[in-house]
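Colleague: I have not looked at this one before. Can you take me through it?
Modeller: Sure, have it open while we talk.

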Amino acid sequence: PRSSTQGVSSAASDVYKRQINAEYIGNFSSIQMAEPLHSQDNRMLPLSSRRTPRENVNVNKSIPWTKKIELFVDSIFWQIVMILLVLYALFFDFIRILCIDKEYDDVCNGFTLLVLVLFALDILLESLGRPGYFNSFYFWFSSVATITIILQLSLSLIHI
C-alpha cells in the first residue's frame with residue numbers, strides 16, 4: 001500500500017520528466033503525418049505492405065544547432081573550464097611577476113593569449129546559442145573583461 005503523498009510526488013515527477021523530454025525533443029510543429037498507403041483502410045493491404053503506426057509518423061528528433069550550442073555552454077565541462085580560466089586571468093599575472101623568471105614571459109604570454117581566445121569564443125558561443133545574450137549587460141560585461149586581458153600581456157609581446 002502506497003501513501004497518498006508518494007502517488008502525488010510520483011505524478012509530479014512524471015509531469016516534470018515529460019516537460020524535460022519535450023524541451024529536448026525540439027519543436028513539435030516538425031511532426032508530420034505521412035500519407036497513408038491506402039485511401040482509408042490499412043487493413044485492406046497485404047500484411048507485407050502494411051505500415052505500423054510508428055512508421056506513419058515522421059518525427060524530426062534532431063536538435064537545432066542553437067540549442068546544441070546552448071547545451072554545450074551550459075555543460076559542466078565548459079563551466080569548469082571557464083572557472084579555471086577566470087581564476088587564471090585573476091591571479092596568474094601576480095604569480096608570474098612574483099615567482100616566474102623573466103625568460104618565461106613568452107610562455108606566460110602564450111597562455112594568456114589562449115585565455116583571451118577562449119573568452120572570446122565563449123562570448124561568440126553565448127551570442128549564437130543563447131537568445132537575448134547579444135548586446136545585453138552580460139555581453140558587454142564579458143566583452144570588457146575579455147579586452148582587459150590584453151593588459152596582462154607583458155611588453156615583450158606587445159612590441160612584436
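Colleague: Which residues form a nonpolar patch on the surface?
Modeller: Ile76, Ile80, Ile83, Leu84, Val86, Leu87, Leu90, Phe91 and Ile95 form it, with about 860 Å² of accessible area together. Patches are made of residues with over 30% relative accessible area and no salt bridge, where like charges are joined within 9 Å and nonpolar side chains (Val, Leu, Ile, Met, Phe, Trp, Tyr) within 5 Å. Accessible areas come from the Shrake-Rupley method with a 1.4 Å probe, and for residues only the protein chains shown count as cover.

Colleague: What kind of model is it, and how are residues numbered?
Modeller: It is a predicted model: local features need pLDDT of at least 70, side-chain atom pairs count only at pLDDT 80 or more, and totals for chains, interfaces and linings use all residues. Residues are numbered from 1 along each chain as its sequence is written, and side-chain values use heavy atoms, with hydrogens and water left out.

Colleague: Back to the patch. Where does Val86 lie?
Modeller: Val86 is in helix α3, residues 76-99. Helices (H or I, at least four residues) and strands (E, at least two) are DSSP runs, numbered from the N terminus. Val86 has a relative accessible area of 37%, so it counts as partly exposed. Buried means under 20% relative accessible area, exposed over 50%, and partly exposed in between (1.4 Å probe, protein chains only).

Colleague: How many helices and strands are there in the chain?
Modeller: Six helices and two strands. From the N terminus on, the order is α-β-β-α-α-α-α-α. Of the 160 residues in the protein chain, 22% are buried.

Colleague: Next topic. How many salt bridges does a search of the whole structure find?
Modeller: Six. A salt bridge here is a side-chain nitrogen of Lys or Arg within 4 Å of a carboxyl oxygen of Asp or Glu. One of them joins Asp74 and Arg130, with the closest N and O atoms 2.6 Å apart. Asp74 lies in the loop between α2 (65-73) and α3, and Arg130 in the loop between α4 (105-129) and α5 (137-148), so this pair ties together parts that are 56 residues apart in sequence.

Colleague: Buried or exposed, those two?
Modeller: Partly exposed in each case: Asp74 has 39% relative accessibility, and Arg130 has a relative accessible area of 24%. Asp74 and Arg130 also belong to a network of salt bridges with Glu70 and Glu126.

Colleague: What else is in α2 with Glu70, on the buried side?
Modeller: Lys67, Ile69 and Val73 are buried in α2, as is Glu70. Seen down the axis of α2, the buried residues fall within an arc of 160°, so they line one face of the helix. The arc is that of the directions from the helix axis to the C-beta atoms.

Colleague: Which residue does Arg96 form a salt bridge with?
Modeller: Asp93, with the closest N and O atoms 2.8 Å apart. Arg96 and Asp93 are three residues apart in helix α3, so about one helical turn separates them. Both are buried.

Colleague: And Lys102, which side chain does that meet?
Modeller: The side chain of Asp105, at 3.5 Å from N to O. Lys102 is exposed, with a relative accessible area of 68%, whereas Asp105 is buried at 7%.

Colleague: Switching to empty space. What is the volume of the largest pocket?
Modeller: About 480 Å³. On a 1 Å grid over the protein atoms alone, a pocket is an open set of points with protein on both sides within 12 Å along at least five of seven lines, a cavity is a set where a 1.4 Å probe fits but cannot get out, and lining residues have an atom within 4 Å of a point. Grid points are joined across faces, edges and corners, and a volume is the space filled by probe spheres set on the points.

Colleague: Which residues lie nearest the centre of that pocket?
Modeller: Val86, Phe119, Phe141, Ser142 and Ala145, out of 21 lining residues. Helices α3, α4 and α5 each supply at least two residues of the lining.

Colleague: What about the largest cavity, which residues line that?
Modeller: Tyr88, Phe92, Asp93, Arg96, Cys108, Asn109, Thr112 and Gln152. Its volume is about 40 Å³. α3 gives the most to this lining, with four residues.
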